[in-house]
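Here are some exercises to work through at your own pace. Try each task with the model on your screen before you read the solution.

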Amino acid sequence: MSAFSIRRLASSRAVNRTFIRTMASARRQAFETIPSSPIRILRTVDSVRRWRKPQYLDHRIVGLVPTMGALHEGHLSLIRAAARESHHVVISIYVNPAQFGIREDLASYPVTWESDCNILAKLDRELADDGGNLGRISAVFAPTTNEMYPSGFPGQEVDSKGSFVVLTPISEFLEGGTRPTFFRGVATVCMKLFNIVQPEKVYFGQKDVQQTVVIRKMVRDFMLPTEVVVGPTIREPNGLALSSRNVYLGERRRKVATVLNRALKAAESKYLSGVLDRESILGAANAVATDTLNEQLALSPEERVKYEVDYISLADPLSMEELYEVDPKKGGILSGAVKMLPVESPQPGEDLGHSGGPAVRLIDNIVLKPSTET
């Protein structure tokens, strides 16, 4: 081979290497990421599937933490748990309209995208520095409603027509009684997310206890190849369960909102003392809720907080059907919901909460463990 041919071949190889590096750099730059982090932002089903395929081929464990944004420490505890057990953690951020009723104000639900991204970037740096984790946050899936409902959003009405996942009768009790389309919306969007991301594990919080029972039933009944991991409820120092909806409360209502947790703990104390009948256990909870409300009603409108108890329940841990007596070998679930009503007489400069402090529906629960575990 002539010297000219050798030089031309070497030049061609150098050009090819430069081209390959340029194309690879361009591909890297084409990925949308959270600022100051390697976390990818995936907005379409196709982009998730392109990202997911090599993880599957490399036998990497993917954990999914579904959220509607407005991230708080409860969400972060689930992400940390996922990072300990998964090579890649995916966070979905999507406010699903299908789980809001037609009388629920979807438009006022807190949307905190920039804050959520900052929180995830900071947490990912924390996870990277922790040698005890199997992985860290790899991607955020943030789709539009058109992406999640390719045939068009079917609506929020009970008699809406469309493709839904409905699990009965479990979705008709408790939360389902007050919000008849809620679990239909939850199950449908979770089925979609599980099909899109195809995670080995999915992570939910214990605070939404009926939701965890519904999701576990869906995974079992439809034989989905994923494991449902439930993390403990994370609470504020005063016992209030962390929730994205707490931002609506304001200072005055936040102090009284602990009534639900105090009521459930009073009922739990009855069970732990050996009481098993429904009337006695729930009687303790109802007494706390009633006494607290009477104390508030005795105050002036400028000071008091009013609320309505939706339900306080003692249910079977698997079916969520009401119990008349707890089987100590199985335990049970204490749960409840209260609606914190808007402040009657706001004071000048008073912190009323996000969006002016509308009515806020709060839920909480305590799991009554079988006697062999107590």
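**Exercise 1. Find out how enclosed helix H7 is, and check its length.**

*Solution.*
Step 1. Count the buried residues, where buried means under 20% relative accessible area, exposed over 50%, and partly exposed in between (1.4 Å probe, protein chains only). In H7, 14 of the 16 residues are buried, so this helix is largely enclosed by the rest of the structure. Helices here are DSSP runs of H or I with at least four residues, strands are runs of E with at least two, and both are numbered from the N terminus.

Step 2. Note what you are working with: this is a predicted model, in which local features need pLDDT of at least 70 and side-chain atom pairs count only at pLDDT 80 or more, while totals for chains, interfaces and linings use all residues. Residues are numbered from 1 along each chain as its sequence is written, and side-chain values use heavy atoms, with hydrogens and water left out.

Step 3. Now the length. The expected span of a helix is 1.5 Å times one less than its number of residues. For the 16 residues of H7 (residues 182-197) that gives 22 Å, and the end C-alpha atoms are 22 Å apart, which agrees.

Step 4. Look just past the helix: Gln-198 follows H7 and has a positive phi, near 50°.

**Exercise 2. Work out the strand order of the six-stranded sheet and say which strands stand at its edges.**

*Solution.*
Step 1. Two strands pair if DSSP finds at least two bridges between them. Following the pairs gives an open sheet in the order S1-S4-S3-S2-S5-S6, with parallel pairing.

Step 2. Strand S1 (40-42) and strand S6 (227-231) each have a single partner strand, so one side of each is left without a neighbour in the sheet. From one strand to the next, the twist averages 30°.

Step 3. Add the helices that pack here, taking contact as heavy atoms within 4.5 Å. Angles run from 0 to 180 degrees between N-to-C directions, and axes are lines fitted to C-alpha atoms, for helices over the stretch in contact. Helix H4 (residues 113-129) lies across S1, S3 and strand S4 (136-141), at about 160° to S4. Helix H8 (residues 209-221) touches strand S5 (201-205) and S6, and its direction makes about 170° with that of S6.

**Exercise 3. Describe the surroundings of strand S3: which residues are buried, and which strands pair with S3?**

*Solution.*
Step 1. Six of the six residues of S3 are buried, so this strand is largely enclosed by the rest of the structure. One side carries His-88, Val-90 and Ser-92, the other Val-89, Ile-91 and Ile-93, and both faces are covered.

Step 2. The chain reaches S3 from S2 through helix H3 (residues 73-85), in a right-handed β-α-β crossover. Right-handed means that, with the strands pointing away from the viewer, the path from the first strand over the helix to the second runs clockwise.

Step 3. Strand S2 (residues 62-67) runs parallel to S3 (residues 88-93), and six bridges join them. Among the partners, Leu-64 goes with Val-90 and Val-65 with Ile-91.

Step 4. S3 also pairs with S4, in the parallel sense over five bridges. There, Ile-91 stands opposite Val-140.

**Exercise 4. Describe the sheet S7-S8-S9 and the helices that pack on it.**

*Solution.*
Step 1. This open sheet of three strands is antiparallel. Strand S7 (307-315) and strand S9 (360-368) stand at the edges with a single partner each, so one side of each lacks a neighbour in the sheet.

Step 2. Strand S8 (residues 332-340) pairs with S9 over nine bridges, and Met-340 has Val-360 as its bridge partner. Helix H10 (residues 259-272) touches S7, S8 and S9, and makes about 20° with the direction of S9.

Step 3. H11 lies across S7 and S8, at about 165° to S7. Ala-289 is in this helix (residues 278-297). With 8% relative accessibility, Ala-289 counts as buried. Its contacts, not counting residues up to four places away in sequence, are Val-259, Ala-263, Tyr-307, Val-309 and Ile-312.
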